[in-house]
Amino acid sequence: MKQPINSTLKKKDTVQIIAGKDKGKRGRILKIFRDTDRVVVEGANIVKKAKKRRNQQDRGGIIEVEAAIHSSNVAIICRKCGPTRIGYKIEDEGSKMNKTRICRKCGEAL
Ligand SMILES: [Zn+2]
């Protein structure tokens with residue numbers, strides 16, 4: 001079975017959009033939907049939604065919200081290389097195995 005490319009992303013990771021209308025934008029991950037492999041990135045893929053009036057005082061109108069994008073359209077940012085892919089370093093510490101996320105290009109911890 002094929003692993004989703006960015007299945008290892010976490011909330012608050014800073015990512016860059018690598019496809020679509022917001023290509024090049026950077027932002028933090030606000031939400032992750034593991035089942036559909038989609039993420040919500042701060043400030044990216046903004047869509048306008050009509051808000052219903054709930055009462056006389058509420059004027060309703062249009063609000064802007066971030067819509068989820070497929071995780072294959074984002075790349076995690078490495079401080080040294082910029083957008084990159086996630087790799088893993090496994091260290092055997094005797095009593096336990098330590099798994100760290102690293103940049104696949106330079107090996108820097110992410
Ligand atoms: Zn790197």
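**Entry 1: zinc site**

I began with the spacing of the zinc donors along the chain, which reads C-x2-C-x21-C-x2-C. The model is a predicted one. Two of the cysteines sit in distant parts of the chain: Cys78 belongs to strand β7 (residues 74–78) and Cys103 to strand β10 (residues 97–103), with their positions 25 residues apart. I then looked up the donor atoms and found the SG atoms of Cys78, Cys81, Cys103 and Cys106, at 2.2 to 2.3 Å from the zinc ion.

Next I checked the geometry. The 4 donor atoms subtend angles of 107 to 112° around the zinc ion, so the arrangement is tetrahedral.

Are Cys78 and Cys103 buried or exposed? Both are buried. For Cys103 I noted a relative accessible area of 1%. Cys81 is partly exposed, at 29%. I also looked for disulfides and the count was 0.

**Entry 2: salt bridges**

I counted salt bridges next and got 9. I looked at three of them individually.

Arg79 pairs with Glu108, and their closest N and O atoms are 3.6 Å apart. This pair also links distant parts of the chain: Arg79 lies in the loop between β7 and β8 (82–84), Glu108 in the segment after β10, and they are 29 residues apart. Arg79 counts as exposed because its relative accessibility is 72%, a value over the 50% cut-off. Glu108 is partly exposed at 23%.

Arg54 and Asp58 meet through their side chains in a salt bridge of 3.5 Å, N to O. I checked the cover on each partner. Arg54 is exposed, with a relative accessible area of 67%, whereas Asp58 is buried, at 14%.

The third bridge joins Glu93 and Lys96, with 3.7 Å between the closest N and O atoms. Glu93 is partly exposed at 44%, and Lys96 is partly exposed at 46%. I also asked which residues are joined into one network by salt bridges that share partners. They are Lys51, Arg54 and Asp58.

**Entry 3: nonpolar residues**

On the surface I found a nonpolar patch formed by Tyr88, Ile90 and Met97, with about 320 Å² of accessible area together. Ile90 is located in strand β9 (residues 86–92).

I then looked up another isoleucine, Ile29, which is placed in strand β2 (residues 26–33). Ile29 is buried, with a relative accessible area of 2%. Its C-alpha atom is separated by 10.0 Å from that of Val74, a residue 45 positions away along the chain.

Technical notes: Residues numbered from 1 in each chain as written. Predicted model: local features only at pLDDT ≥ 70, side-chain atom pairs only at ≥ 80, totals over all residues. Heavy atoms only, no water. Donors = N, O, S within 2.8 Å, 3.2 Å for Na, K, Ca; no water. Tetrahedral: all angles 85-135°; square planar, octahedral: opposite > 155°, others 65-115°. Helix = DSSP H or I, 4+ residues; strand = E, 2+ residues; numbered from the N terminus. Buried < 20%, exposed > 50% of the residue type's maximum accessible area, 1.4 Å probe, protein only. Disulfide = S-S within 2.5 Å. Patch = residues over 30% accessible without salt bridge, like charges linked within 9 Å, V, L, I, M, F, W, Y side chains within 5 Å. Areas by Shrake-Rupley, 256 points an atom, 1.4 Å probe, with all protein chains shown as cover. Salt bridge = Lys/Arg side-chain N within 4 Å of Asp/Glu carboxyl O.
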